[in-house]
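The following exercises concern one protein chain. Please work through each task with the sequence and the structure at hand before reading the solution.

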Amino acid sequence: MVLLPRPDWPLPQQGYALGFDFGEQRLGVAGGDLGLALATPLTVIDSAVNDTRFARIAELIAEWQPVWLVVGQPAYPDGQAHPVAALARKFGQRLSGRFNLPVAWVDESYTSSIASQLLHEQHARPRRQKGRLDQLAAQQILQAFFDHYPSIVPSSGADKEPNHAVSG
């Protein structure tokens, strides 16, 4: 499921997006262009200190000039909220408030499992896996957003209302 921001946010059809895999110790970051609809891992912000995190995010925003920010929303397979879900939601709200950009939330169920499988297939060394895992999870989150984006934003833009909650 992709949840979009307030209905009054513009829904751009082109530009760059940054995706975040929120964790209490690390943030995985991925990026990609809406037109290409292909997410790529970018970096990991390895800090639990909010000031450090947001300073690094500000650098990434200055560098990539995104029109969207996408945050993974953790949940259990049965749909129950994960304990980190409220923190991820608060993180997304802070992103939107600080950088005045729309934030979409994407169900991040199984993204870490998929990322772990990808690392296993690449024969990644265990010491390097934690940071790479977060980047790849962010890539999965952003890719899910891209995969649903055509159904969110009508191509003509003017004659249709956007769908602000899309299941996937």
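**Exercise 1.** Determine which backbone oxygens lie by a polar atom of the side chain of Arg53, and establish how far away the nearest side chain of opposite charge is.

*Solution.* Step 1: the backbone oxygen of Gly23 is 2.5 Å from a polar atom of the Arg53 side chain. Step 2: for the backbone oxygen of Glu24, the separation from a polar atom of that side chain is 3.1 Å. Step 3: Arg53 belongs to helix α1; helices (H or I, at least four residues) and strands (E, at least two) are DSSP runs, numbered from the N terminus. Step 4: Arg53 is buried but has no salt bridge, and Asp46, the nearest side chain of opposite charge, is 7.4 Å away. Here buried means under 20% relative accessible area, exposed over 50%, and partly exposed in between (1.4 Å probe, protein chains only). A salt bridge requires a side-chain nitrogen of Lys or Arg within 4 Å of a carboxyl oxygen of Asp or Glu; Lys and Arg count as positive and Asp and Glu as negative, while His and the chain ends are not counted. Step 5: leaving aside residues up to four places away in sequence, Arg53 touches, among others, Phe22, Leu27 and Ile45 (contact: heavy atoms within 4.5 Å).

The model is predicted: local features need pLDDT of at least 70, side-chain atom pairs count only at pLDDT 80 or more, and totals for chains, interfaces and linings use all residues. Residues are numbered from 1 along each chain as its sequence is written, and side-chain values use heavy atoms, with hydrogens and water left out.

**Exercise 2.** Describe how β3 pairs with β2 and with β4.

*Solution.* Step 1: β2 and β3 pair in the antiparallel sense over 7 bridges, where pairing requires that DSSP finds at least two bridges between two strands. Ala17 has Gly32 of β3 as its bridge partner, and 4 residues separate the two strands in their hairpin. Step 2: β3 is also antiparallel to β4 (residues 40–45), over 5 bridges; one of the pairs joins Ala30 to Pro41 of β4. Step 3: the β3 and β4 hairpin has 6 residues between its strands, and Ala37 there adopts a positive phi near 55 degrees. Step 4: of the 7 residues in β3 (27–33), 6 are buried.

**Exercise 3.** Locate Gln65 and Asn100 and state whether each is buried or exposed.

*Solution.* Step 1: Gln65 occupies the loop between α1 (50–64) and β5 (66–73). Its phi is near 50 degrees, a positive value in a residue other than glycine. Because its relative accessibility is 55%, Gln65 counts as exposed. Step 2: Asn100 sits in the loop between α2 (85–99) and β6 (103–107). Although not a glycine, Asn100 has a positive phi of about 50 degrees; its relative accessible area is 58%, so Asn100 is exposed.

How values were computed:
A polar contact is a pair of N or O atoms within 3.5 Å; within protein, one must be able to donate a hydrogen and the other to accept it, and residues adjacent in sequence count only if both atoms are side-chain atoms.
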